[in-house]
Structures are given as C-alpha cells and as structure tokens.
Amino acid sequence: MQIRDLPYPDPGVPDARSGPRFLVWLGRSQWRGQLKALLWGTLHMAGVALLPVVVGLAVQAVVDGSGSRLALSGGLILALGALIALGDTMLHRAAVTNWITAAARVQQLLARKTAEMGATLTRRVAAGEITAVSTGDVEKIGWFVEALSRFAAAALTSVAVCVALVLYEPALGGVVAVGVPVLALAVMPLLPRATRRADEQREKAGRATELASDTVAGLRVLRGIGGEELFLTRYRRASQEVRTAAVRSARMWSLISAVQVVMPGLLLIAVVWYGARLALDGRITVGELVTVYGAVTFLLFPMRHFEEIAMAYSFSRPSAKRAARVLSLRRTATPDTDVRVAAADRGEGAAEERGAQEPLTGDLYDPRSGLLAPAGLLTVVVCGDPDAAGRLADRLGGHAPLEPDDETVPSALLGGAALDAVPLDAARAAVLVQDKDPVLLSGTLAELFDVPSSGAVTYEAALEAAQCADVLEALAQSSPASATASAGGTAGGDALNAGSGDPLDAHITERGRSLSGGQRQRLALARSLVADPEVLVLDEPTSAVDSHTEARIADGLRGLRAGRTTVVFASSPLLLDRADRVAFVPGGEVAAVGLHRELLARDAGYRSVVTRETDREQRERESGRAVPAPSAAVGDRTGMEESA
C-alpha cells in the first residue's frame, strides 16, 4: 500500500481484544511494508557496519605502505557511502509510509465504528476520549509501527556484527558480545516505572481534553449561569496536573537516555583499553584495533533504536488500548450476531438473510419491552425516564447497547427481521433515529438536507411541517449576504421565500450555536423528515419548543408522515392527543396501550407521568375535592424556547 492509494478499500477487521493484540494485528496487516522497511534498514545498517572494516583495511594499508590496497579501500569506502545513502533514503521512505498508512488504517477503522455506532457512541465512550483516540493516539500508534521495522533491522545487524567480531578477533569480540546484551537490558528495570508515568500523563491529558471539550460545548450555558470562572479554574487545575505528570515522565525518560549514553561509553572505554594492550603485546594489528573500535562505535547507533522502540511501545500501548476499547464496541448485543453482521456488511449471505434484497417494511417490535409500533401509524411512547427512553430508541434503531443489569439485549424486529442481523446500510435506510440532542454541522441548509432520502418529501414541506419559518429568518439575519439581500427586498411575505432567493444558501454555524435550542430541534426534525425513512424514531423532538409551535408541529408531523411508521418518545399531551396509538412503558416494559384520553381515564400511572399529578392530588381528586388541573394536562406550556 502506497500513500497515493489511500484510503484503504477495506481496512480489515481488527483484533480489538486488547491493546497489544491490536498492535500485533496492525503490524501483521502491514507485513509487506514492514518487510520492505526491514530490507532497506538491513541494507543501510550493513553498509554502516562494514565501514569500520574498510577503514581498518585502509589504516593497515598505510601502515604497510601498500598503495594498491589503500586505493582499493578508498573505492570501497565510496561504494559503501553510496550504499548507505541509498539505504537510508529508502528506509526513511518505507518507514514513513508505514507510519502514514498505519495511522490512516486506524482512522478509517475509527470512522467506520463511529458511523456504525451512531449516537450511541458518546453514551458509551466519553467525547474527550474519542477525540484523543482519533488524534494523538493515532499518531503514537503509527510511530510504533514505523519504529518496529527500524528496530528489527538494528537488532538483526547488531547480532551479525557481534558474531562477526567474535570470529574476526575472539578476544575483543567476546568482550563486545557480552557487553552489548548488557547494554540492551540495562534500561529494562527503568521501563515499567517510565511506562507508568507515561500512562499517568496520558490519563490526565485525556481528562483535561474531555473537560475542555465539555466546557466548549456548554459555553453558552456557562455564560448564562455565570459558571465560566468555575470551569476555567477546573481546567487550569487539570492543566497543571498534566504539566506535573509530563515533567515526571520526562525525568524518567531522561534517565533512560543518560543510561543509554553512559553504558555504551563505558563499553567503548573498556574495549579501547583492552585492545590497546593487545596491540602493544603484538597479539593484534593496529588495523584490527581500528576495525574493532569502529564496530563498537557502530553498535552505539543501533542502541538508539532500542531506546526508541521502548519509548514507542510504552506510548503506543495505552493508545492502542483506548483504540481497541472503541473498536470493540458493538451495535449488536450478542457475539454470535457480530459474525452475521460482519458477513452481511461485506455482502456475504445477505440474500439468505433478507431474501431478495427487498426494503425492510412492516411492524416494528422490541422484544425486550414488548413495544409494538404498527406499520403506517403514529405511535407515541411515554416512559417517564429519559435515559430509559433513549435506550429504547437506540434498540428500535438496531443498536442494542449493553445495559447495567443485562449482558445481552435482544434486537428489535422490523417486519419480523432482526435489525442487528441485516447489513448496517439496510438497517439505517429502514429506521432513522433522531436522539434528544441532535447535532447540526456547520455549512449551508443545502448541505444539511443533503442526506440519503426517498425523494418524496421536499425540503419546503419538511421546513413547513417542522415550523422553521423563524429559523430561516434567524439564519438570514446572521448571514451577511442574506441580510444584505433581505434589506433590499420586501418587508413581508412568506418566510420560506424571503431573503436573497434560495433559502438553502443560508449558513449554519458549528452545531447551530447561533440558534436557540428549539430552533435547533426543529431544524433537525426537518432534516429527518426530508430523509423520509420507512420508520422514523424521534426522541423528545419538541422538548425545547413552546406549546403553540408544538401543536402546529404535531399536526405537520402527522400529516407529512401519513402512511409511514413514526415513533415519538414524548410526554406532551399535544403530541399524545394526535397519536394513533399511545404506549406507556414504565420500568422498561409496556404497561398499557391505547389512545391518550383512554389512558388518562383508566391508568393512574400514565396520568401521573403525563399530568405531573402527585399522589396527594390524585387522592383529593378521587375523593371529589376540587383540585386545579395541572397545566401539563392540557399542554399549556408557555414561554419562550430554551436558549441552550
């Protein structure tokens, strides 16, 4: 794989059981690049190792007064210089290619996992950790893959040089053969402590990154409640902890570097002293002494690679562990289903699983809770627990997250087909889940609505159903071009046609931060309506919208989704009163099904959740005493939309 061939057509299925296993899988997946770097590295190291031999021959030729041997030695030195330059250049090229392609493979795996998990990812892994894995950790993993081949070449060449020295000059070669392994192992006692300190530094850095990410995401709310200074103090404290941990880690690595300098220096002194005595005794020639000295000096060069691979592994191991943790997440609930999903996503056995590749249709059913959403109807689900509602919505979308009290969760069924047993693309095309905190990416409205869709719902119809007229006005006012064009136009008219012309040119800031919470909700709802999936699951789509707007949205949603399966998680009477079917799901299981007014009359638990009625108010009402009707019972939710 060359850099120009990126991205990978298929990055593969990683071994995510642990960090070291993931590193082994990554190295094995790039064995061709590793082999190429190993060959070029060995060639480079061999050229450097042979240079002292030729220099020794040249010195001995001078001592013997042989001009022909001196000329031959000079020619060999030039040839070795060219060989070293070629090997070093190609080694660097191959090693950097391994680094970049390994990092690209990991990034593709993370991107694929992110797309697979969808909104459930950030509920199972902190956003700061995901950011750290996809940026700094990817670079560290690539560093280890890049250093591995150079270390292998250095180790292979070092062994060969030691063997050659023993054969060439047994007395000095024996000293070198014993000393080199001692040098390589001298830093081993220090590595565990250095690794622990490096892990501590990365852990603190990850927490600081997560804190910064959360602070930036909630900056608008923090300003509203005056909490900026509090979070700034927390981040300052976390930053200082990272700095302290980094200094402690650097001290240990400095000690390791010092050992790598002192120990080889002592070996070199010992070899020179012993070799000088042998030369004075006439047991070796001056040229042989120069050759052995040059070989020992060469061995100091591979020792740097030993230190580098130790550092690379200590830094990449926790990074690989975090990456493996993310990559090990499953949208399915059971391991045997993972095999079916992997085969289906590759196109293997899809015909057997789904018949003739027909679109998934039919009733939506969740075996865990017993919830049934009949095809073509608007079903509103009342849970009372927002977290339970979010988990149920995820299951209806084909995601079966592991829950605290369960090891496995059965998959939802659409038309009798398990959603976690069909290809991910098919499940996503059939069921669209919009969670309670949808994300709006920066760009134009045209880019926002550029989603896979049936084409049956236009953006004008979706915006009208979601009551987005004021959202378009807000976007037009925040856009300089739109504001200028609007100033020259008419003051009235349809908001959808106001401004410079095409409303799709309106620009949205990052995460829609220039809009209020209700405006973001309605724009996200319009995007989901444009997609027009077979089944649309909405989790609290109007929680930040005032009651008057919510009533119009309920009518628009019912009209636009007529004949399509729609599931809404909400407890608003305005939505419940317009539902074809209402399901009450307290404690994770369906307790009652019917129309809103029927359930209000016969189910006390449902009534208490929807109307916020207390036990005391219920007893007083049943005893015949006059109790003011709770405003939530008639949907009298007034006030402005939430700004966050």
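## Notebook: salt bridges, sheets and a buried histidine

I searched the whole structure for salt bridges and got 17. Note to self: this is a predicted model.

**Overall picture.** I pulled the basic counts next. The chain has 24 helices and 12 strands. Its length is 644 residues, and 45% of them are buried. I then looked at contacts with a separation of 6 or more, and 78% of those in the chain come from residues 24 or more positions apart. The exposed area came out at about 30900 Å², with carbon and sulfur atoms supplying 59% of it.

**Salt bridges, one by one.** I started with Arg17. Its partner is Asp15, and the closest N and O atoms are 2.8 Å apart. Buried or exposed, I asked of Arg17? Arg17 is exposed, at 62% relative accessible area. Asp15, on the other hand, counts as buried at 17% relative accessibility, because the cut-off for buried is under 20%.

Next I checked Arg248, which forms a salt bridge with Glu200; here the closest N and O atoms are 3.2 Å apart. I looked up where the two sit: Arg248 is in helix 9 and Glu200 in helix 7 (residues 191-217), so this pair ties together parts that are 48 residues apart in sequence. Arg248 has 30% relative accessibility and counts as partly exposed. Glu200 is also in the partly exposed class, at 32%.

Then I went to Asp577, whose side chain meets that of Arg597 in a salt bridge at 3.2 Å, N to O. Asp577 lies in the loop between helix 21 (573-576) and strand 11 (581-584), while Arg597 is in helix 22 (residues 596-602), so the pair links parts 20 residues apart in sequence. For Asp577 I have a relative accessible area of 35%, so I logged it as partly exposed. Arg597 counts as exposed, at 59% relative accessibility.

I also wanted salt bridges that share partners. Asp532, Glu534, Arg561 and Arg564 are joined by such bridges into one network.

**Strand 3.** Which residues of strand 3 are covered on each side? On one side I found Leu378, Val380 and Val382, on the other Thr379 and Val381, and all of them are buried. That fits the tally for strand 3 (residues 378-382), where five of five residues are buried.

I looked up the partners of strand 3 as well. Strand 10 (residues 565-569) pairs with strand 3 in the parallel sense over four bridges, and Thr379 stands opposite Val567 there. Strand 11 also runs parallel to strand 3, joined to it by four bridges. On that side, Val380 faces Val582 across the pairing.

**The open sheet.** I moved on to a sheet of four strands. It is open, pairs antiparallel, and has the order 2-1-4-5. Strand 2 (371-373) and strand 5 (417-418) are at the edges with a single partner strand each, so one side of each has no neighbour in the sheet. Strand 1 (residues 364-366) pairs antiparallel with strand 4 (residues 413-414) over two bridges. In that pairing, Tyr365 stands opposite Leu413. What packs on this sheet, I wondered? Helix 13 (residues 386-396) does, touching strand 1 and strand 2. I noted the angle too: the direction of helix 13 makes about 125° with that of strand 1.

**His44.** I picked out this residue in helix 2 (residues 31-64). With a relative accessible area of 7%, His44 is buried, since anything under 20% gets that label. What does His44 touch, leaving aside its neighbours within four places in sequence? I got Ile84, Gly87, Asp88, Leu91 and Phe301.

**Surface patch.** Last lookup of the session: nonpolar surface. Val261, Val262, Leu266 and Ile269 make a nonpolar patch of about 400 Å². I placed Leu266 in helix 9 (residues 228-280). Arg248 of the salt bridge with Glu200 lies in helix 9 as well.

Terms used: Residues are numbered from 1 along each chain as its sequence is written. This is a predicted model: local features need pLDDT of at least 70, side-chain atom pairs count only at pLDDT 80 or more; totals for chains, interfaces and linings use all residues. Side-chain values use heavy atoms; hydrogens and water are left out. Patches are made of residues with over 30% relative accessible area and no salt bridge: like charges are joined within 9 Å, nonpolar side chains (Val, Leu, Ile, Met, Phe, Trp, Tyr) within 5 Å. Accessible areas come from the Shrake-Rupley method with a 1.4 Å probe; for residues, only the protein chains shown count as cover. A salt bridge is a side-chain nitrogen of Lys or Arg within 4 Å of a carboxyl oxygen of Asp or Glu. Two strands pair if DSSP finds at least two bridges between them. Contact means heavy atoms within 4.5 Å. Axes are lines fitted to C-alpha atoms, for helices over the stretch in contact, and angles run from 0 to 180 degrees between N-to-C directions. Buried means under 20% relative accessible area, exposed over 50%, partly exposed in between (1.4 Å probe, protein chains only).
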